[in-house]
Amino acid sequence: MIVDLRSDTVTRPTPGMRAAMANADVGDDVFGEDPTVNALEARVAAMLGKEEGLFVPTGTMANQVAIRCLTEPGDEILLEADAHPFHYEAGAAAVISGVTIRLLQGVRGVLDPDVVRQAVRAPNVHHAPARLFCVENTANRGGGTVIPASHVAALCDVARAAGLSCHLDGARLWNAATVDGPDSGAVARSLLAHAAPFDTVSVCFSKGLGAPVGSMLVGPRALLVRARRFRKMLGGGMRQVGILAEACAYALDAHLPLLGDDHRRARALWSALGERGWAVEGEPASNMVYVRCADAPGVAAQLESRGVRCLALAWDRIRLVTHLQVDDDGVAHALAGFDALAGSAR
Ligand SMILES: Cc1ncc(COP(=O)(O)O)c(C=O)c1O
């Protein structure tokens, strides 16, 4: 048995999802004629309280199109120090938007409003003008941290008072809203509350929701016209892509309600590893468990040989992510893998 805990991006489409995809109604989406894409864009925009949606292949493209829409070359954007566009988007903001990135230090991915307040410099000919503030929720490298909607609103109030636009990287916003669940009404209200302070929001279907491909950028209609042009410029105008949008719609119906199980399994893994003496970071709020150890690549390699896959994100830090294809047996298998490691691995 192999349990793959490297990321929730490793999920494979379920049989139900594959069947839905096979039957999807499609058209040429660059002509705006794919009914399945159009329906998904409208559905997700409504779920997040925005006027329009734009279906894109990846979370990276959704973030980068948002940054391009909300800035001009030479601007500065403010990000928490662990944010995805800084660490994992190949320097795209510099190339595509010509902006500089200013990193602000948070705690487990969460900024203090005063840090944002102090980061915005008074207008001066020497400075790149700060134009955009981005939040990531859940905060991936922060530990899968869920930032409460009230805290996010306070952060965005500070940014707006300083004249900045606001973008939410909500690749795992579904997980954040699930924490406010468990019932679907509470999740729906939470999604709206989390998205409300932002001009634009990106969400992914290809992480815990289990779709093979697909992200969405939502925001005001006029801005989305610009976004559609930038998507085309980046080569993201796709044709009969309803076949993928159908997978995403299926994921919202069938897999969004299951995210709470991923969170429960992450907590079970975290507490069992803690009991065994592993240096687990703070209790997981969502689906990620981070563990400190002396030689993370070595531990990851030893676990791999025992059929447990994890990511060494730094020399002293590994990440384990629960998802659609990790059941209770998978968690037990992962724990057995840790148990088989030498005590010195801790
Ligand atoms: C927080 C966050 N934002 C954006 C992305 C980018 O998504 P993609 O891999 O679809 O480009 C990821 C990917 O894991 C992520 O974790």
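The questions and answers below cover the fold, the domains and the ligand shell of a predicted model.

In this predicted model, local features need pLDDT of at least 70 and side-chain atom pairs count only at pLDDT 80 or more, while totals for chains, interfaces and linings use all residues. Residues are numbered from 1 along each chain as its sequence is written.

Trainee: What radius of gyration does the protein chain have?
Mentor: The radius is taken over C-alpha atoms, and the globule rule is 2.2 Å times the number of residues to the power 0.38. For 346 residues, a compact globule would have a value near 20 Å. The protein chain agrees with this, at 20 Å.

Trainee: Which element gives the largest share of the side of domain 1 that touches domain 2?
Mentor: The bounds, from an automatic or database domain assignment, are 3-8 + 258-345 for domain 1 and 13-254 for domain 2. The contact (C-beta atoms, placed from the backbone, within 7 Å) takes 15 residues from domain 1 and 16 residues from domain 2. Helix H12 (259-275) and strand E10 (288-292) each give two or more residues to the domain 1 side; helices (H or I, at least four residues) and strands (E, at least two) are DSSP runs, numbered from the N terminus. The largest share, four residues, comes from H12.

Trainee: Which helix gives the most to the shell around the ligand?
Mentor: A residue belongs to the shell if its C-beta atom, placed from the backbone, lies within 6 Å of the ligand. The ligand is surrounded by 13 residues, the closest being Thr58, Gly59, Thr60, His84 and Ala171. With three residues, from the stretch 59-70, the top contributor is helix H3.

Technical notes:
Two residues are in contact if their C-beta atoms, placed from the backbone, lie within 7 Å.
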